[in-house]
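Reader: I'm new to this one, so could you take me on a close look at a single part, the largest pocket? I'd like to know which helices supply its lining and what kinds of residues are found there.

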Amino acid sequence: EIATAAGVSEAIIFRHFATKEELYTAIIDHKACSAETGDVERSVAENIRFSVAELMRAKDDRAVFTHIALHMMQHHERDTEFLRLLFYSALEGHQLARIFWERNVRTLYEFLGSYIGERQRDGAFRGVDPLVAVRAFAGMIIHHSVTNTLWDKSRTLLNIPNEEAAREFTEILMRGIGAAPAKAAAPRPARGAATGRADKAA
């Protein structure tokens with residue numbers, strides 16, 4: 001089917017790609033490269049990690065998650081056909097979906113989960129499972145993109161810019177995993193006041 005669509009013979013396809021896995025990997029690399037950098041050497045997740053490296057070093061949590069959310073939504077919006085292809089591939093148990101999972105989804109979980117764990121040790125985030133937090137965050141973004149792409153193309157239910165959605169999803173996450181501020185200790189009574197009460201009691 002690929003050869004037919006490309007207008008070439010199967011022999012030509014396999015002259016360039018020795019195995020189907022090599023072909024599928026090339027598709028992932030081409031379709032999932034970052035449009036901002038045009039870098040086909042890195043996957044989507046690797047481009048995201050590279051783009052937020054400075055924010056992570058600065059420990060600017062809101063900026064980190066807002067940037068990631070916006071990057072993901074913009075990528076989904078730019079290539080809706082690829083999003084459909086991934087869903088179809090996953091449902092059919094296709095090798096293409098497995099390669100995308102390993103190169104992108106797993107990478108996102110690993111580097112973002114590692115960052116959340118680091119911020120937990122800093123005392124900035126509550127002690128939740130980092131991978132659960134990543135899934136909750138990514139779930140908001142992916143559901144938003146899928147709804148806009150498959151079910152509500154006219155955005156009759158929720159019509160907000162990606163930038164606003166990224167900020168709102170990040171705020172939900174921060175309120176959910178952010179460490180509660182330490183409660184201020186109750187003020188101790190002045191020494192003289194305590195003595196006066198004791199004298200009255202006597």
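Author: Five helices each supply at least two residues of the lining of the largest pocket: H4 (44–51), H6 (61–78), H7 (80–91), H8 (95–121) and H9 (130–151). Of these, H8 gives the most, with 7 residues. Keep in mind that you're looking at a predicted model, so the pocket here is a computed one, with a volume of about 640 Å³. In total, 23 residues line the pocket, and the ones closest to its centre are His76, Leu86, Phe100, Val105 and Ile142.

If you want to place those five on the helices, just go by the numbering. His76 falls in H6 (61–78) and Leu86 in H7 (80–91). Phe100 and Val105 both sit in H8 (95–121), while Ile142 belongs to H9 (130–151).

As for the kinds of residues, the lining splits into 17 nonpolar, 4 polar and 2 charged. Among the nonpolar ones are Leu86, Phe100, Val105 and Ile142, whereas His76 counts as polar.

Now step back to see what surrounds this pocket. The protein has 11 helices and 0 strands, so read along the sequence you meet α-α-α-α-α-α-α-α-α-α-α. Of its 202 residues, 35% count as buried. Contacts also reach across the sequence: among those between residues at least 6 apart, 67% join residues at least 24 apart. On the outside, the accessible surface comes to about 12700 Å², and 56% of that belongs to carbon and sulfur atoms.

Terms used:
Residues numbered from 1 in each chain as written. Predicted model: local features only at pLDDT ≥ 70, side-chain atom pairs only at ≥ 80, totals over all residues. Heavy atoms only, no water. 1 Å grid on protein atoms, 1.4 Å probe; cavity = no way out; pocket = protein on both sides within 12 Å on 5 of 7 lines; lining within 4 Å. Points joined across faces, edges and corners; volume = space filled by probe spheres on them. Helix = DSSP H or I, 4+ residues; strand = E, 2+ residues; numbered from the N terminus. Buried < 20%, exposed > 50% of the residue type's maximum accessible area, 1.4 Å probe, protein only. Contact = heavy atoms within 4.5 Å. Areas by Shrake-Rupley, 256 points an atom, 1.4 Å probe, with all protein chains shown as cover.
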